[in-house]
There are 2 protein chains.
Amino acid sequence: MNIGDVSSRSGLPAKTIRYYEDIGLIKPHRSANGYRCFAETDLHKLAFLGRARALGFTIEDCRTLMALYEDESRASADVKQLAQEHLAKIEEKIADLQAMHETLGELVNCCAGDSRPDCPILKDLSGEG
Amino acid sequence: MNIGDVSSRSGLPAKTIRYYEDIGLIKPHRSANGYRCFAETDLHKLAFLGRARALGFTIEDCRTLMALYEDESRASADVKQLAQEHLAKIEEKIADLQAMHETLGELVNCCAGDSRPDCPILKDLSGEG
DNA sequence: CTTGACCTTCCCCTCGCTGGAACCCTCATA
DNA sequence: TATGAGGGTTCCAGCGAGGGGAAGGTCAAG
């Protein structure tokens, strides 16, 4: 398979696939003309990476997850720990965003949103609040 | 005031303050020795920026907000619209993160987390789910 | 033979800083 | 008077995870 084929089959942009090769996540062979030549296993890895990335894992986490996946003597505890740490980071981000949302939401609710200049949002930002 | 003073009084790192000057958010004067020389108004702007950034506004949003703040004939509707758009982006991010959290949370719950290799997390990532 | 779709490498851009190198300024102390 | 500490200055590189686009090679169809 050429890169366009794996791109459409994995849903990942060709640029991303080249990047993943660049950083050593996949190692496709090369055809005589210099084109990357992907096997089914490469496609499988790319799909794996795409799903892991969609769950928000970092590239380095993905590297670890792939290594665990390929290690048949892995302990599921290692996978679970990685996932739990990631889950904790997600929770932290959600909490941060929710705090922002709450503060900003209140300010927005207090703002008349008309043609007058008086604005509680700017008032708060300026420290007059 | 030198940069160290505004840094400690605004809570922003000196690097960040230099960066904000670089991109034209503030324009401190210079002393004879070449040092940046900050007035109270600069400090006030930096505090404004710090609060806007803490609410998750992008630098470009901050630039617009500062312009609105300094424009005495602004309409609060313009501020409110910007804030509402930002609020919508925050909500989108929260929703994305919550979706990740839900999926990953279920997988984590299904994973024994022991010394055996069998792992529903990896199974899902590999597409066997 | 040419066209168009595909592939290659290469380098710069994103965003919001952060770290570090190399150097200048000022003040206090030995 | 040297010197050292603790400011300040500039510029360059890098982070994560790719994206955009140029310049050029390859291949199948018409």
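Mentor: A polar contact here is a pair of N or O atoms within 3.5 Å. Keep in mind that this is a predicted model.

Trainee: OK. How far is the polar side-chain atom of B:Arg18 from a phosphate oxygen of DNA strand D?

Mentor: That distance is 3.1 Å. The pair falls within the cut-off of 3.5 Å.

Trainee: Which elements give two or more residues to the surface near DNA strand D?

Mentor: Helix H2 (14-22) of chain A does, together with H1 and H2 of chain B. H2(A) has the largest share, four residues.

Trainee: What about chain A side chains and the phosphates of strand D? How far is A:Tyr20?

Mentor: An N or O atom in the side chain of A:Tyr20 sits 2.6 Å from a phosphate oxygen of DNA strand D. For A:Arg53, the side-chain distance to a phosphate oxygen of that strand is 2.8 Å.

Trainee: How many residues surround DNA strand D?

Mentor: 19 residues. Among the closest are A:Lys15, A:Tyr35 and B:Gly4. Of the strand D atoms that come within 4 Å of the protein, 69% belong to sugar and phosphate.

Trainee: And by class, what is on that surface near DNA strand D?

Mentor: Seven nonpolar, six polar and six charged residues.

Trainee: Switching to strand C. Which residues are closest?

Mentor: A:Gly4, A:Arg36, B:Lys15, B:Tyr20 and B:Arg53, out of 19 that surround DNA strand C. Sugar and phosphate make up 69% of the strand C atoms within 4 Å of the protein.

Trainee: Which part of A:Gly4 is 2.6 Å from a phosphate oxygen of DNA strand C, backbone or side chain?

Mentor: A polar backbone atom. B:Ile59 also has a polar backbone atom by a strand C phosphate oxygen, at 3.4 Å. B:Thr16 uses a side-chain N or O atom, at 2.9 Å.

Trainee: Which helix has the largest share of the surface near DNA strand C?

Mentor: H2(B), with four residues.

Trainee: Let's stay on that helix. Which of its residues are buried?

Mentor: In H2 of chain B, residues 14-22, they are B:Ile17, B:Tyr20 and B:Glu21. They lie on the same side of H2(B), because their arc around the axis is only 100°.

Trainee: Why would residues three or four places apart point the same way?

Mentor: An α-helix has 3.6 residues a turn, so that spacing brings them round to the same direction.

Trainee: What do the buried residues of H2(B) pack against?

Mentor: Helices H1, H3 and H4 and strands S1 and S2 of chain B.

Trainee: Which exposed residues does the face turned away carry?

Mentor: B:Lys15 and B:Asp22.

Trainee: And what follows H2(B)?

Mentor: B:Gly24, with a positive phi near 80°.

Notes. Residues numbered from 1 in each chain as written. Chains lettered and ligands numbered in written order. Predicted model: local features only at pLDDT ≥ 70, side-chain atom pairs only at ≥ 80, totals over all residues. Heavy atoms only, no water. Buried < 20%, exposed > 50% of the residue type's maximum accessible area, 1.4 Å probe, protein only. Arc of directions from axis to C-beta. Contact = heavy atoms within 4.5 Å. Near = heavy atom within 4 Å. Polar contact = N/O pair within 3.5 Å; in protein donor to acceptor, adjacent residues only side chain to side chain. Nonpolar A, V, L, I, M, F, W, Y, C, P; charged D, E, K, R; others polar.
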